[in-house]
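The following exchange examines how two chains meet and on what grounds each feature receives its name.

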There are 2 protein chains.
Amino acid sequence: MGFKLGILGLGTVGCGTVQLLLDSDGRHPLLEEIEIYRVGVRSPDKPREVKLPPGVINTDLEAIVNDPEIDIVVEVMGGLEPARELILKAIRNGKHVVTANKAVISRFGEEIYTAANQAGVYVMLEASVGGGIPVIQPLKQSLSVNRIQAVTGIINGTTNYILTRMQSEGSSFDSVLADAQNLGYAEADPTADVEGLDAADKIAILASIAFDGGIKREDVYCEGIRQVSKTDISYAQKLGFVIKLLAIAKKIDKLSVSVRVHPTLVPLGHPLASINGVNNAILVEGEPIGQVMFFGPGAGAGATASAVSSDILNLVSQLISLPESKIENSKYKIPNLDPLLASFHQQYCQLAPSEELITRFYARFLTKDQPGVIGKLGTCFGKCGVSLESVVQTGFQEKLAEIVVVTHDVTEGNFHKALDEIRNLEAVDSIPSLLRVL
Amino acid sequence: MGFKLGILGLGTVGCGTVQLLLDSDGRHPLLEEIEIYRVGVRSPDKPREVKLPPGVINTDLEAIVNDPEIDIVVEVMGGLEPARELILKAIRNGKHVVTANKAVISRFGEEIYTAANQAGVYVMLEASVGGGIPVIQPLKQSLSVNRIQAVTGIINGTTNYILTRMQSEGSSFDSVLADAQNLGYAEADPTADVEGLDAADKIAILASIAFDGGIKREDVYCEGIRQVSKTDISYAQKLGFVIKLLAIAKKIDKLSVSVRVHPTLVPLGHPLASINGVNNAILVEGEPIGQVMFFGPGAGAGATASAVSSDILNLVSQLISLPESKIENSKYKIPNLDPLLASFHQQYCQLAPSEELITRFYARFLTKDQPGVIGKLGTCFGKCGVSLESVVQTGFQEKLAEIVVVTHDVTEGNFHKALDEIRNLEAVDSIPSLLRVL
């Protein structure tokens with residue numbers, strides 16, 4: 001038993017990880033080098049599915065990150081504090097860290113990486129994005145010879161589950177959400193999922209790795225799925241699209257990137273269009289590789305435990321292959337970190353101004369039933385340089401005509417300028433939907 | 001410029017790799033540590049798309065693997081010999097090896113790994129399976145905490161292209177093959193692709209990593225797509241399937257595995273059903289992760305160069321993070337290889353006897369147009385313990401009735417016993433198709 005773990009947190013992910021590690025037969029033999037030495041919890045008397053030897057469970061989390069016996073701290077407690085503070089203390093104490101904490105890494109990643117590089121330890125975060133899907137390590141190791149152009153993901157299972165059911169059943173957002181809450185696929189307070197905040201955390205992390213620069217979490221544009229109506233899902237389908245909550249990180253030019261989360265019309269033939277239910281998928285585009293996609297379970301105890309445990313195993317593999325002389329050193333502090341495994345960002349990425357971004361739009365208008373309304377819309381768009389792919393009067397709602405427009409590529413700025421003009425048209429009642437098109 | 005490459009071969013993959021390495025701006029900064037020191041070719045005067053400084057190109061391949069200046073040998077020449085011999089010599093000379101050679105690794109992997117472990121060097125082979133798709137490294141590093149139950153792949157782009165076009169156009173195998181040859185998607189001698197031999201090489205490699213044991217290449221069951229008719233593709237579609245050439249490695253029990261390549265009916269909702277054209281995809285199933293899938297371009301200069309170069313980068317990253325004292329040692333020979341990056345197999349996997357394997361079958365029969373034929377077929381199947389999911393008389397061909405049968409799970413042995421009885425029925429003219437169902 002060479003390496004001692006201090007695990008912080010014994011919720012779903014913590015229990016899954018402990019169960020995997022305690023049941024190592026038939027897995028990688030290196031797992032036998034790992035000892036679950038301490039597990040820190042806040043409520044020691046809560047009934048739990050895992051059995052640990054007496055003395056392992058501890059309520060003093062500080063003591064764990066300060067314990068000189070511990071080699072690797074595994075943070076699976078979630079939340080911002082005290083998780084951030086405990087991670088930083090563990091690092092300063094020379095411990096390697098494995099974390100599943102997307103909230104902390106997306107907000108304090110640079111602070112944590114800087115501390116880790118100074119201390120000569122690794123911070124591993126495969127479980128922070130895409131549950132069990134290997135995506136952080138492939139991006140860092142297997143794909144980093146590419147010039148990454150874009151990372152596009154369905155990385156929130158709850159919203160994908162809701163959209164998939166709205167699509168297949170023709171149901172409304174509210175009714176599917178209520179059902180998802182009953183089934184345990186959505187939380188009682190669904191805000192983080194439904195508003196896209198969870199996906200924004202994750203795409204900020206993926207973007208920082210893909211583009212090798214920090215991303216300021218507060219700069220990530222984020223639009224959730226509350227306003228996606230069954231009407232739009234049905235029109236999208238007729239036009240050959242499905243609506244997905246996409247998290248998109250794109251290289252704009254040598255200096256700047258865009259990082260955004262929003263519901264998006266995805267063409268039916270696109271690899272992401274067929275990702276349904278709680279599954280996640282991350283599509284990476286680069287030169288010279290082209291498109292590669294990683295697909296799998298984006299959440300759940302087992303899948304996330306796979307990612308956490310593989311990070312632990314990777315650390316053990318690094319530590320065990322050090323020459324004897326290094327192992328004798330105080331707690332394996334590594335003088336030269338493996339640059340593909342460590343996280344270095346030399347600078348922050350610059351986020352391109354929103355109004356300059358180029359995309360296609362889908363918009364739905366309710367207008368008075370007058371002749372010439374389509375012409376008036378077209379004139380407003382044309383004046384602002386917005387070229388239309390299609391304009392269809394799709395029907396009537398309570399005496400108002402319903403018109404759906406799909407644009408060609410436009411800048412966000414020009415499109416919104418056109419919308420401002422259109423809102424002032426006497427014939428226009430309202431613009432109930434505005435979505436982007438991949 | 002820390003690390004010197006000796007590249008063997010300057011064909012499609014070699015040129016792609018050289019181009020990527022010579023154009024490193026905007027890629028991982030570690031690439032700048034790499035020098036293309038020698039490139040060994042057989043025909044130095046052949047016109048090539050890459051420009052190399054004078055003195056780099058060399059026709060003496062032996063000299064490259066013996067050159068004490070060279071740190072990493074990159075074998076991208078293909079074929080069995082002299083590739084195998086050169087790889088072994090490079091290893092014995094203490095050089096790390098990167099290879100894209102599925103034929104050599106699937107046949108001589110154990111010999112090569114043993115030599116590498118004795119010499120304390122790495123053998124990297126990401127490019128040998130799935131072109132640019134990261135799959136070898138995720139299997140070795142990110143998924144190895146799982147008990148892998150199955151690896152199922154579409155890992156030959158040529159056959160997937162042919163089957164996709166047969167499906168979408170209703171064309172015959174021969175006409176699509178001829179067209180694929182004209183377009184450069186199939187070789188003049190298409191045997192290795194069409195007979196499944198290329199896929200068998202690749203699944204042998206994936207299985208040996210997934211199940212941590214050598215696979216004897218000659219034991220891999222292999223059936224190609226020549227006998228897949230447009231008739232069967234059309235029936236399969238009506239039954240809710242597409243036909244794909246699948247390479248399947250499965251854990252049967254603690255001791256044995258099955259490793260097979262055959263055309264297979266895949267249910268339309270299955271993640272592999274929508275993988276079309278020259279794309280590849282590898283689905284890994286394990287406990288506790290569930291299903292993860294890797295998708296992308298399975299061939300091509302750029303994609304394969306991405307895999308080769310990422311292997312080179314991984315080696316450099318390993319070498320550069322060694323403490324100073326090790327670097328001064330003769331040519332970085334590493335005393336303790338990183339166990340997740342090295343290839344160790346303690347034994348060979350045992351392949352389960354074919355007749356005991358359990359699968360579903362699809363079979364098409366031509367019979368005389370007599371009453372009671374379906375009953376006779378059913379009786380033969382029933383006697384042998386083969387339970388049928390459906391029996392449909394689908395039509396007539398030249399006065400013969402055509403009957404399509406889909407079974408439930410059966411052993412291969414029982415199914416073939418039933419077929420032997422059926423062949424002896426007076427009413428049965430022939431059994432033109434026999435396919436497995438996923």
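Two strands are said to pair if DSSP finds at least two bridges between them. The model discussed here is predicted.

Q: What makes strand 12 of chain A and strand 12 of chain B a pair?
A: Three bridges join strand 12 (residues 290-297) of chain A to strand 12 of chain B. The criterion asks for at least two bridges, so the two strands pair. They run antiparallel, and A:F294 stands opposite B:F294 in strand 12 of chain B.

Q: Why is the link between B:D25 and A:K254 called a salt bridge?
A: The closest N and O atoms of B:D25 and A:K254 are 3.1 Å apart. The cut-off is 4 Å between a side-chain nitrogen of Lys or Arg and a carboxyl oxygen of Asp or Glu, so the pair qualifies. Across the interface of chain B and chain A, the rule finds six salt bridges.

Q: Which helix of chain B gives the largest share of the side that touches chain A?
A: Helix 11 of chain B does, with ten residues. The residues on that side of chain B comprise 25 nonpolar, 21 polar and nine charged.

Q: How many residues does each chain bring to the contact, and what area is buried?
A: Chain B and chain A each bring 55 residues. About 4400 Å² is buried between them, with carbon and sulfur atoms giving 55% of that area. In chain B, the residues that lose the most area to chain A are B:V145, B:R147 and B:F295, together 15% of what that side buries.

How values were computed. Residues are numbered from 1 along each chain as its sequence is written. Chains are lettered from A and ligands numbered from 1 in the order in which they are written. This is a predicted model: local features need pLDDT of at least 70, side-chain atom pairs count only at pLDDT 80 or more; totals for chains, interfaces and linings use all residues. Side-chain values use heavy atoms; hydrogens and water are left out. Contact means heavy atoms within 4.5 Å. Buried area is the accessible area (1.4 Å probe) that two parts lose on being put together, summed over both. Helices (H or I, at least four residues) and strands (E, at least two) are DSSP runs, numbered from the N terminus. Ala, Val, Leu, Ile, Met, Phe, Trp, Tyr, Cys and Pro count as nonpolar, Asp, Glu, Lys and Arg as charged, and the others, Gly among them, as polar.
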